[in-house]
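Student: I am new to this structure and would like a close look at one part of it. Could you walk me through a single helix and its surroundings?

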Amino acid sequence: MTASELIYQLETDILTNMIRLLKRGSVGSATWQAEKLAQLGTLRAMNAQAVKTNLKKAIAEAQKEISKRGRMGAAIIDAYAVIEKLKLPPGADAKLDQLLGMFGNQTANEFNRMGATMLASADKVYVSAAEAIEAQVIAGAKTGRQAIAETVSGWSKGGLKAFTDRAGRQWTPEAYAQVITRTTTANVRREAQFERMDEYGMDLILVSSHADARPGCAPYQGRVYSLNGKTKGYPLLSETSYGEPDGLFGCNCRHSSTVYTPGQKKTFEPYPLGETEEKYKVSQQQRQLERSIREAKRGLQLAQESGGDDATIQHWKDRVSGRQAAMRDFIDESGRTRRRDREQIYK
């Protein structure tokens, strides 16, 4: 399993722990809510074990991928150097190891912070759920079983939070893990390349191009840039959106770069901005549909775990089927390739 899949599994394990404790006892009795609050220590111990098991594996997988991508990036530059008959200066490999170690440690720290945030979020979600379930049963609106099933099914969009950004948006553990892993592996590959290029005295890069590039990257893709201004006639990379979170090589950016020699044939070209804008919108529609399918599948999974009645379970089955049908219609209309792996949940 990938790091983000392991984090998704961790969140599922924590949510399952909460469901199992909420199901204990007689919901609506005079002591039920007090019992749930008294079990908070038990929940914390269960969740801490889940974090210990899954987070260690997730960090190991992320660090393995970071090392792999970084060494691949350096190897690409080494291959160009062989063609140009350039020699690697002494100590370059030691610098690469240091770079990979730095990125690996940063990733471990981010994942550990995410784990701590998830544990704190679990406490709040659990207490809130106990209060909501108790209120519904006392009011006579639901049976205990129905109240639990309805409450926990609301966790399908991501019951726990792992990160809150500067704009106040809350990220689910899976989404945040994907951002960390995708961005870090891309960064380490690029930084390894740039460091190697500096060792060899190389200066120019060609940025890759994608038909559905995001707005912050689209104006700069498929073009040649100078890393440090040594080559006249080419704009500096620093003059682009490079360094901005939603810019070139920023968070979740899919662009890469290759060494460029003046006069060589370019393997990438820019796309018309109007075309990239429209295709980017379509790609984001597909991502939203993929998320909606995962949400419905998780809702079904949680409803089954909570012991929901036949009507509740059938509701979630119908929701899964309906969203899969919407995806099929979208694929037929857009002509895009369906990515079933992005619709999968992990048990």
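Tutor: Happy to help; what follows is a short tour of helix H4, with one stop elsewhere at the end. Please keep in mind that this is a predicted model.

Let us start with leucine 96, which sits in helix H4, spanning residues 92-138. Leucine 96 has a relative accessibility of 5%, and because buried means under 20%, this leucine counts as buried. What does leucine 96 touch, leaving aside residues up to four places away in sequence? Its contacts are Gly70, Arg71, Ala74, Ala192, Glu195 and Arg196. Take glycine 70 from that list: it is 26 residues from leucine 96 along the chain, and their C-alpha atoms are 8.1 Å apart.

Now move along to where H4 packs against helix H5, residues 144-153. The two axes are 9 Å apart and meet at an angle of about 140°, so H4 and H5 are described as oblique to each other. Their crossing is right-handed. On the H4 side, the contact is made by Ala129, Ile133, Gln136 and Val137, while H5 contributes Gly144, Ala147, Ile148, Glu150 and Thr151. Sorted by class, this contact has five nonpolar residues, three polar ones and one charged one.

For our last stop, look at arginine 298 in helix H7, which covers residues 273-305. Is arginine 298 buried or exposed? With a relative accessible area of 3%, arginine 298 is buried. Its side chain makes a polar contact with the side chain of threonine 12, at 2.9 Å.

Conventions
Residues are numbered from 1 along each chain as its sequence is written. This is a predicted model: local features need pLDDT of at least 70, side-chain atom pairs count only at pLDDT 80 or more; totals for chains, interfaces and linings use all residues. Side-chain values use heavy atoms; hydrogens and water are left out. Helices (H or I, at least four residues) and strands (E, at least two) are DSSP runs, numbered from the N terminus. Buried means under 20% relative accessible area, exposed over 50%, partly exposed in between (1.4 Å probe, protein chains only). A polar contact is a pair of N or O atoms within 3.5 Å; within protein, one must be able to donate a hydrogen and the other to accept it, and residues adjacent in sequence count only if both atoms are side-chain atoms. Contact means heavy atoms within 4.5 Å. Axes are lines fitted to C-alpha atoms, for helices over the stretch in contact, and angles run from 0 to 180 degrees between N-to-C directions. Angles under 35 degrees count as roughly parallel, over 145 as roughly antiparallel, 65 to 115 as roughly perpendicular and the rest as oblique. A crossing is left-handed if the near helix is turned anticlockwise from the far one by less than a right angle, and right-handed if clockwise. Ala, Val, Leu, Ile, Met, Phe, Trp, Tyr, Cys and Pro count as nonpolar, Asp, Glu, Lys and Arg as charged, and the others, Gly among them, as polar.
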